[in-house]
Amino acid sequence: ALLKSLEEPRPGNLFVLVSAAPHRVAPTLVSRCQRLRFLPLAETVVEHLLARHSGAPESTRRLAARLAEGNVERALALLEGEALVQRQQQLESLLTAAEHGHAPEIFAAAGELGKERGELGELLQLLRGWYRDVLLVGEGLEAGRLVHADELPRLRHAASQLHRRGALRALRAVDEAEAAVRGNVNGALLLEHLLFNLQAHTDAA
(Lines give C-alpha, C1' and ligand atoms only; values in the text may rest on other atoms or scores of the structure.)
Protein backbone atom coordinates (compact mmCIF):
# COMPACT_ATOMS: atom_id res chain seq x y z
CA ALA A 1 0.00 0.00 0.00
CA LEU A 2 2.87 2.36 0.80
CA LEU A 3 4.60 1.66 -2.51
CA LYS A 4 1.35 2.23 -4.39
CA SER A 5 0.80 5.54 -2.57
CA LEU A 6 4.30 6.68 -3.42
CA GLU A 7 3.93 5.71 -7.07
CA GLU A 8 0.51 7.30 -7.53
CA PRO A 9 -0.12 9.88 -4.79
CA ARG A 10 -3.50 11.56 -4.68
CA PRO A 11 -3.58 15.08 -6.17
CA GLY A 12 -2.14 17.67 -3.80
CA ASN A 13 -0.34 15.10 -1.62
CA LEU A 14 3.38 15.29 -0.98
CA PHE A 15 5.20 12.64 1.03
CA VAL A 16 8.45 13.49 2.79
CA LEU A 17 10.23 10.43 4.18
CA VAL A 18 13.01 11.35 6.59
CA SER A 19 15.82 9.03 7.60
CA ALA A 20 19.09 9.53 9.45
CA ALA A 21 20.29 6.22 7.97
CA PRO A 22 19.21 6.16 4.29
CA HIS A 23 21.34 3.07 3.62
CA ARG A 24 18.87 1.13 5.76
CA VAL A 25 15.84 2.15 3.70
CA ALA A 26 14.53 -0.59 1.40
CA PRO A 27 15.72 -0.12 -2.21
CA THR A 28 12.13 -0.48 -3.42
CA LEU A 29 11.27 2.69 -1.45
CA VAL A 30 14.38 4.61 -2.48
CA SER A 31 13.76 3.90 -6.16
CA ARG A 32 10.37 5.62 -5.93
CA CYS A 33 11.68 8.76 -4.24
CA GLN A 34 13.64 11.83 -5.18
CA ARG A 35 16.50 12.04 -2.71
CA LEU A 36 17.12 15.41 -1.07
CA ARG A 37 19.71 16.19 1.57
CA PHE A 38 18.42 18.41 4.38
CA LEU A 39 21.36 20.47 5.62
CA PRO A 40 21.58 21.83 9.17
CA LEU A 41 20.14 25.31 9.57
CA ALA A 42 22.56 28.21 9.72
CA GLU A 43 23.47 29.30 13.24
CA THR A 44 21.95 32.76 12.63
CA VAL A 45 18.62 31.16 11.61
CA VAL A 46 18.54 28.99 14.73
CA GLU A 47 19.34 31.99 16.89
CA HIS A 48 16.54 34.02 15.24
CA LEU A 49 14.02 31.22 15.90
CA LEU A 50 15.16 30.95 19.51
CA ALA A 51 14.67 34.68 19.98
CA ARG A 52 11.02 34.24 18.94
CA HIS A 53 10.31 31.17 21.06
CA SER A 54 12.52 31.48 24.14
CA GLY A 55 12.87 34.08 26.85
CA ALA A 56 16.44 33.05 27.68
CA PRO A 57 19.17 35.73 27.76
CA GLU A 58 20.73 36.58 24.42
CA SER A 59 24.16 35.17 25.34
CA THR A 60 22.54 31.87 26.39
CA ARG A 61 20.54 31.70 23.15
CA ARG A 62 23.70 32.27 21.14
CA LEU A 63 25.47 29.44 22.96
CA ALA A 64 22.50 27.10 22.46
CA ALA A 65 22.43 27.92 18.73
CA ARG A 66 26.13 27.09 18.41
CA LEU A 67 25.87 23.85 20.37
CA ALA A 68 22.76 22.69 18.48
CA GLU A 69 24.66 22.40 15.18
CA GLY A 70 21.67 23.43 13.08
CA ASN A 71 19.05 21.42 15.01
CA VAL A 72 16.27 23.68 16.35
CA GLU A 73 14.74 20.91 18.48
CA ARG A 74 18.06 20.36 20.22
CA ALA A 75 18.54 24.10 20.72
CA LEU A 76 15.12 24.40 22.39
CA ALA A 77 15.88 21.38 24.58
CA LEU A 78 19.11 23.03 25.72
CA LEU A 79 17.14 26.10 26.80
CA GLU A 80 14.53 24.19 28.80
CA GLY A 81 14.53 25.41 32.39
CA GLU A 82 17.97 26.49 33.56
CA ALA A 83 19.86 23.50 32.15
CA LEU A 84 22.27 25.40 29.91
CA VAL A 85 22.92 28.11 32.50
CA GLN A 86 23.75 25.38 35.01
CA ARG A 87 26.07 23.68 32.50
CA GLN A 88 27.88 26.99 31.99
CA GLN A 89 28.37 27.31 35.73
CA GLN A 90 29.61 23.72 35.91
CA LEU A 91 31.98 24.37 33.01
CA GLU A 92 33.38 27.34 34.92
CA SER A 93 33.97 25.09 37.95
CA LEU A 94 35.79 22.54 35.78
CA LEU A 95 37.98 25.17 34.11
CA THR A 96 38.84 26.79 37.44
CA ALA A 97 39.85 23.43 38.90
CA ALA A 98 41.86 22.49 35.80
CA GLU A 99 43.64 25.84 35.54
CA HIS A 100 44.20 26.84 39.16
CA GLY A 101 43.05 24.05 41.46
CA HIS A 102 45.19 22.09 43.89
CA ALA A 103 44.35 18.50 44.74
CA PRO A 104 41.64 19.36 47.35
CA GLU A 105 39.85 21.68 44.89
CA ILE A 106 40.05 19.08 42.11
CA PHE A 107 38.64 16.33 44.33
CA ALA A 108 35.85 18.64 45.51
CA ALA A 109 34.89 19.74 41.98
CA ALA A 110 34.97 16.18 40.65
CA GLY A 111 32.90 14.89 43.55
CA GLU A 112 30.26 17.57 43.10
CA LEU A 113 30.03 17.53 39.30
CA GLY A 114 30.31 13.75 39.01
CA LYS A 115 27.18 13.05 41.05
CA GLU A 116 24.83 13.11 38.06
CA ARG A 117 26.48 10.73 35.66
CA GLY A 118 23.67 11.18 33.11
CA GLU A 119 24.60 14.85 32.69
CA LEU A 120 28.33 14.33 32.20
CA GLY A 121 28.00 13.92 28.43
CA GLU A 122 26.62 17.44 27.93
CA LEU A 123 29.17 18.93 30.32
CA LEU A 124 32.06 17.22 28.53
CA GLN A 125 30.69 18.46 25.21
CA LEU A 126 30.91 22.03 26.51
CA LEU A 127 34.43 21.38 27.79
CA ARG A 128 35.49 19.95 24.42
CA GLY A 129 34.03 23.05 22.73
CA TRP A 130 36.10 25.22 25.06
CA TYR A 131 39.43 23.58 24.21
CA ARG A 132 38.50 23.53 20.52
CA ASP A 133 37.96 27.28 20.76
CA VAL A 134 41.31 27.67 22.52
CA LEU A 135 42.97 25.81 19.65
CA LEU A 136 41.21 27.93 17.01
CA VAL A 137 42.08 31.18 18.75
CA GLY A 138 45.71 30.08 19.03
CA GLU A 139 45.71 29.48 15.26
CA GLY A 140 44.14 32.88 14.55
CA LEU A 141 40.79 31.39 13.41
CA GLU A 142 38.41 33.39 15.57
CA ALA A 143 35.77 34.92 13.31
CA GLY A 144 32.45 33.07 13.20
CA ARG A 145 33.87 29.74 14.39
CA LEU A 146 33.83 29.84 18.19
CA VAL A 147 31.31 28.12 20.46
CA HIS A 148 32.26 30.32 23.42
CA ALA A 149 32.72 33.53 21.42
CA ASP A 150 31.52 35.67 24.34
CA GLU A 151 34.63 34.58 26.28
CA LEU A 152 37.16 35.73 23.67
CA PRO A 153 39.58 37.56 26.03
CA ARG A 154 39.78 34.51 28.28
CA LEU A 155 40.19 32.20 25.29
CA ARG A 156 43.10 34.29 24.06
CA HIS A 157 44.75 34.08 27.46
CA ALA A 158 44.24 30.29 27.56
CA ALA A 159 45.67 29.96 24.04
CA SER A 160 48.78 31.90 25.08
CA GLN A 161 49.24 29.52 28.02
CA LEU A 162 48.51 26.20 26.31
CA HIS A 163 49.75 26.75 22.76
CA ARG A 164 48.84 24.24 20.06
CA ARG A 165 50.35 21.15 21.69
CA GLY A 166 48.69 21.74 25.04
CA ALA A 167 45.29 22.42 23.43
CA LEU A 168 45.51 19.24 21.35
CA ARG A 169 46.43 17.18 24.41
CA ALA A 170 43.54 18.68 26.34
CA LEU A 171 41.15 17.83 23.48
CA ARG A 172 42.37 14.24 23.43
CA ALA A 173 41.88 13.97 27.19
CA VAL A 174 38.29 15.22 26.91
CA ASP A 175 37.62 12.85 23.98
CA GLU A 176 38.84 9.92 26.09
CA ALA A 177 36.59 11.01 28.96
CA GLU A 178 33.60 11.24 26.60
CA ALA A 179 34.28 7.72 25.36
CA ALA A 180 34.59 6.43 28.95
CA VAL A 181 31.37 8.07 30.12
CA ARG A 182 29.42 5.89 27.69
CA GLY A 183 30.54 2.87 29.68
CA ASN A 184 29.90 1.89 33.29
CA VAL A 185 32.20 4.44 34.90
CA ASN A 186 32.18 6.34 38.18
CA GLY A 187 31.54 9.99 37.31
CA ALA A 188 33.62 11.47 40.12
CA LEU A 189 36.63 9.25 39.40
CA LEU A 190 36.35 10.07 35.70
CA LEU A 191 36.43 13.82 36.36
CA GLU A 192 39.30 13.48 38.85
CA HIS A 193 41.38 11.71 36.23
CA LEU A 194 40.40 14.25 33.56
CA LEU A 195 41.12 17.31 35.70
CA PHE A 196 44.55 16.07 36.78
CA ASN A 197 45.23 15.26 33.12
CA LEU A 198 44.21 18.74 31.99
CA GLN A 199 46.30 20.35 34.70
CA ALA A 200 49.33 18.30 33.66
CA HIS A 201 48.88 19.39 30.04
CA THR A 202 48.64 23.04 31.13
CA ASP A 203 51.82 22.75 33.17
CA ALA A 204 53.62 20.92 30.33
CA ALA A 205 52.61 23.55 27.77
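**View 1. Leu14 sits out in the open.** At 74% relative accessibility, Leu14 counts as exposed, because the cut-off for that label is over 50%. This is a predicted model, and here we zoom in on a loop: Leu14 lies between helix 1 (2-7) and helix 2 (27-30). Leu14 also has company, since it belongs to a nonpolar surface patch together with Val16, Val18, Leu36 and Phe38. Taken together, the five side chains named for this patch offer about 630 Å² of accessible area.

**View 2. Helix 9 takes a sharp turn at His163.** Helix 9 runs over residues 152-181, and His163 is found in it. How far apart are the end C-alpha atoms of this 30-residue helix? Just 29 Å, whereas a straight helix would reach 44 Å at 1.5 Å a residue. Look for a kink of about 95°, centred on His163. The backbone of His163 is worth a look too: its phi is positive, about 65°, although the residue is not a glycine. For context, most residues other than glycine have a negative phi. As for cover, His163 is partly exposed, with a relative accessible area of 46%.

**View 3. Glu92 and Arg154 bridge two helices.** Side chains of opposite charge can pair when their charged atoms come close. Here the side chains of Glu92 and Arg154 meet in a salt bridge, 2.5 Å from N to O. Glu92 lies in helix 6 (residues 83-100) and Arg154 in helix 9, so this pair ties together parts that are 62 residues apart in sequence. Buried or exposed, or in between: where does Glu92 fall? Glu92 counts as partly exposed at 35% relative accessibility, and Arg154 gets the label partly exposed as well, at 23%. The model's count of salt bridges comes to twelve.

**View 4. Asp133 is tucked away in helix 8.** Find Asp133 in helix 8, which covers residues 120-138. Its relative accessible area is 0%, so Asp133 is buried. What touches Asp133, once neighbours within four places in sequence are set aside? The contacts are Arg145, Leu146, Val147, His148 and Leu155. Asp133 also has a salt-bridge partner right beside it in the chain: its side chain meets that of Arg132 at 3.5 Å, N to O. Unlike buried Asp133, Arg132 is partly exposed, with a relative accessible area of 36%.

**View 5. Glu139 reaches across to Arg164.** This salt bridge joins the side chains of Glu139 and Arg164 at 2.9 Å, N to O. The pair links distant parts of the chain: Glu139 is in the loop between helix 8 and helix 9, and Arg164 is in helix 9, 25 residues apart. Glu139 counts as partly exposed, at 38% relative accessibility.

**View 6. Arg62 shares partners in a small charged group.** Salt bridges with shared partners join Glu58, Arg62 and Asp150 into one network. Arg62 lies in helix 4, residues 58-68. Which residues does Arg62 contact, leaving aside its neighbours within four places in sequence? Those contacts are Glu47 and Asp150. To get your bearings, use Leu168: its C-alpha atom and that of Arg62 are separated by 25 Å, with their positions 106 residues apart along the chain.

Conventions. Residues numbered from 1 in each chain as written. Predicted model: local features only at pLDDT ≥ 70, side-chain atom pairs only at ≥ 80, totals over all residues. Heavy atoms only, no water. Helix = DSSP H or I, 4+ residues; strand = E, 2+ residues; numbered from the N terminus. Expected span 1.5 Å × (residues − 1). Bend = angle between axes of the 7 residues up to and from the residue. Patch = residues over 30% accessible without salt bridge, like charges linked within 9 Å, V, L, I, M, F, W, Y side chains within 5 Å. Areas by Shrake-Rupley, 256 points an atom, 1.4 Å probe, with all protein chains shown as cover. Salt bridge = Lys/Arg side-chain N within 4 Å of Asp/Glu carboxyl O. Buried < 20%, exposed > 50% of the residue type's maximum accessible area, 1.4 Å probe, protein only. Contact = heavy atoms within 4.5 Å.
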